[in-house]
Amino acid sequence: MRKRGYRDIEAIACWKFDRFARSTKHLLRALETFQGLGIAFISLTESVDTSTPYGKLVFTILGAVAELERSLIAERIRNGMRKLGAKRPGPKIGPKGPSRTTVWRRAHRANQGN
């Protein structure tokens with residue numbers, strides 16, 4: 001009986017290239033590994049044949065764009081967290097006191113306890 005391993009995998013499918021790897025470097029390293037093992041790499045949403053030179057080019061460009069997009073999203077989140085009160089848990093209380101919804105929620109909880 002033959003031992004199973006990497007050689008039995010014919011293809012790896014993912015939804016999008018950017019969902020598979022965090023960086024272009026990781027994406028290209030994975031593609032090289034797959035090619036060395038004779039494993040096809042398939043994206044279900046982008047139709048790119050990674051076995052051709054043009055397919056590798058498009059693959060690399062899509063990976064770079066995905067990495068840029070991920071970096072921009074992370075930067076926006078960090079900037080949003082720096083805003084006043086973004087890190088504090090619980091209801092946000094402004095200079096005029098708690099919002100009407102916070103006041104209503106507190107009153108509603110107090111009435112349910114009775």
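Student: Where does Val65 lie?
Tutor: In this predicted model, Val65 lies in helix 3, which covers residues 53–82.

Student: Is Val65 buried, partly exposed or exposed?
Tutor: Val65 counts as partly exposed, because its relative accessibility is 44%, and the buried class requires a value under 20% while the exposed class requires one over 50%.

Student: Which residues form a nonpolar patch with Val65 on the surface?
Tutor: Tyr54, Leu57 and Ile61 join Val65 in that surface patch. Together the four have about 440 Å² of accessible area.

Student: Now the packing. How are two packed helices described in general?
Tutor: Two quantities are used, namely the distance between the axes and the angle between them.

Student: What are they for helix 2 and helix 3?
Tutor: The axis of helix 2, residues 24–37, comes within 8 Å of the axis of helix 3, and the two cross at roughly 145 degrees. The crossing of helix 2 past helix 3 is right-handed.

Student: Which residues make the contact?
Tutor: Helix 2 contributes Thr24, Leu27, Leu28, Leu31 and Gln35. From helix 3 come Lys56, Phe59, Thr60, Gly63, Ala64 and Glu67.

Student: Take Thr60. What does it contact, leaving aside neighbours within four places in sequence?
Tutor: Thr60 is then in contact with Thr24 and Leu28.

Student: How far apart are Thr60 and Leu28?
Tutor: They are separated by 32 residues in sequence, and their C-alpha atoms are 7.1 Å apart in space.

Student: Why is Thr60 classed as partly exposed?
Tutor: Thr60 has a relative accessible area of 28%, so it falls between the 20% and 50% limits of that class.

Student: Changing topic, what is the order of elements along the chain?
Tutor: From the N terminus, the order is β-α-α-β-α-β-β-α, which comprises four helices and four strands.

Student: And what share of the residues is buried?
Tutor: Of the 114 residues in the protein chain, 18% are buried.

Student: How much area does the protein chain expose?
Tutor: The protein chain exposes about 9400 Å², with 58% of that supplied by carbon and sulfur atoms.

Conventions. Residues numbered from 1 in each chain as written. Predicted model: local features only at pLDDT ≥ 70, side-chain atom pairs only at ≥ 80, totals over all residues. Heavy atoms only, no water. Patch = residues over 30% accessible without salt bridge, like charges linked within 9 Å, V, L, I, M, F, W, Y side chains within 5 Å. Areas by Shrake-Rupley, 256 points an atom, 1.4 Å probe, with all protein chains shown as cover. Salt bridge = Lys/Arg side-chain N within 4 Å of Asp/Glu carboxyl O. Buried < 20%, exposed > 50% of the residue type's maximum accessible area, 1.4 Å probe, protein only. Axes fitted to C-alpha atoms, helices over the stretch in contact; angles between N-to-C directions. Left-handed = near helix turned anticlockwise from the far one by under 90°. Contact = heavy atoms within 4.5 Å.
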